[in-house]
Amino acid sequence: MPYNELRKDYLLDRWVVIAKERSKRPTDLAKARPEAAKSAACPLCVGNEHMTPPAVLLLQSVDGEVKRGHDPPEGQRPTNWLVRTIPNMYPAFTHPQRSEDALKIFSTADFGYAIGLHEVVVESPIHEEGPADASLPQLELVIESYIDRFRALAAKSYVKYISIFRNYGLEAGASLSHAHSQIIATPMIPTMIKEEKQAADNYQKEQGRCVFCDIIEREVKTQRLIMENEDFAVIAPYASINPMEFWILPKRHAPNIGNLTPEEVKSLAATLKSSLKALKDLVNDPPYNYGIHQTIEEGYHWHLEVYPKLSTWAGFEKSTGVYINTVTPESAAEALKKAIKP
Ligand SMILES: [Zn+2]
Ligand SMILES: [Zn+2]
Ligand SMILES: [Zn+2]
């Protein structure tokens, strides 16, 4: 009988049982997916621009070139967009009602409501064109929209963190099936990122090096490497809490995506597409979430974490914060690596 391994996250004080004993092959996880209910009119589709708040950023195709713009406050809204970023219609965090100057003297909790911003990045005019299927130039525009909004939101005095994430599939919480990501700017640094940052700071103090740079250096030599290129490494993390979880880590040390070079944007699009396409092919287009971990200030190493939704957390996980993962990161990496198309 093989023993299960108890592993701790690289940084977080978070434990996972890698259940070798009842381990599953990645392909065992493939199952039929429930169809998203097709609503009569998708508010994110071309022609329905009037159904949403006005866009704060439009990447438009004008005479064969990509131009930046936004919706006019009144009147006809452009329909020739390639990527459209709009305020969320049901925001979790809302724009402050007072001036930014007034915000400086109050702690944000004094306001009694969640101040911040919540936006939706409509990734394509084509309803179902997510990153696994989009063309690379299209995906580059999505990443450019992330960068553009990151910069704009980071400049606001009350914004302490900018979460860029994607929910894909009903079971992963996507209420709209049109390809989209979301951006939430918060007035505090979320606990998980704070803990990662604290642990990384401690490592830096003790070892004199960045822990993420060290993770990349070590993991590319292990069975947990999925793919790498000049700019990025994709790994199945040592203590993955989700079956088939993988992280995309930039090789260039930078706190956030704000200063990605045009080459890095291209490279990130290619890396994101190949890894998500491999996941889609391998386990029948599973629901997943991804999120970018980054900080506005220096002293961190941004990365993108992908959490496929292939298992259900139950009593033990919910009541202890300790997880059981039935696919070893090593077998997840091996399967994803094989599924990647060059
Ligand atoms: Zn649509
Ligand atoms: Zn680093
Ligand atoms: Zn992280």
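This tour proceeds from a metal site to a sheet and then to the helices that lie against the sheet. The model is predicted.

**The zinc site**

Begin by selecting the zinc ion (ligand 3). Its donors are Glu196, through OE atoms, His293 (ND1), His303 (NE2) and Glu305 (OE), at 1.9 to 2.6 Å. Along the sequence, the donor residues follow the spacing E-x96-H-x9-H-x1-E. Glu196 belongs to helix α3 (residues 191–207) and His303 to strand β13 (residues 303–308), so this pair ties together parts 107 residues apart in sequence. Next, display the surface around these two donors. Glu196 is buried, with a relative accessible area of 2%, and His303 is also buried, at 0% relative accessibility.

**The sheet**

From strand β13, extend the selection to the open sheet of 11 strands, whose order is β4-β3-β5-β6-β8-β7-β12-β13-β11-β10-β9, with antiparallel pairing. At the edges stand β4 (65–69) and β9 (225–228); each has a single partner strand, so one side of each is left without a neighbour in the sheet. On average, neighbouring strands are turned by 20° against each other, direction ignored.

Now select strand β7 (residues 161–168) together with strand β8 (residues 180–186), which pair in the antiparallel sense over five bridges. For an individual bridge, select Ile162, whose partner in β8 is Ala185.

**Helices against the sheet**

Turn to helix α5 (residues 262–282), which packs on the sheet and touches β9, β10 (232–235), β11 (246–250), β12 (288–293) and β13. The direction of helix α5 makes about 170° with that of β11. Finally, select helix α7 (residues 329–339), which lies across β9 and β11 and runs at about 40° to β9.

Methods. Residues numbered from 1 in each chain as written. Chains lettered and ligands numbered in written order. Predicted model: local features only at pLDDT ≥ 70, side-chain atom pairs only at ≥ 80, totals over all residues. Heavy atoms only, no water. Donors = N, O, S within 2.8 Å, 3.2 Å for Na, K, Ca; no water. Helix = DSSP H or I, 4+ residues; strand = E, 2+ residues; numbered from the N terminus. Buried < 20%, exposed > 50% of the residue type's maximum accessible area, 1.4 Å probe, protein only. Pairing = 2+ DSSP bridges. Axes fitted to C-alpha atoms, helices over the stretch in contact; angles between N-to-C directions. Contact = heavy atoms within 4.5 Å.
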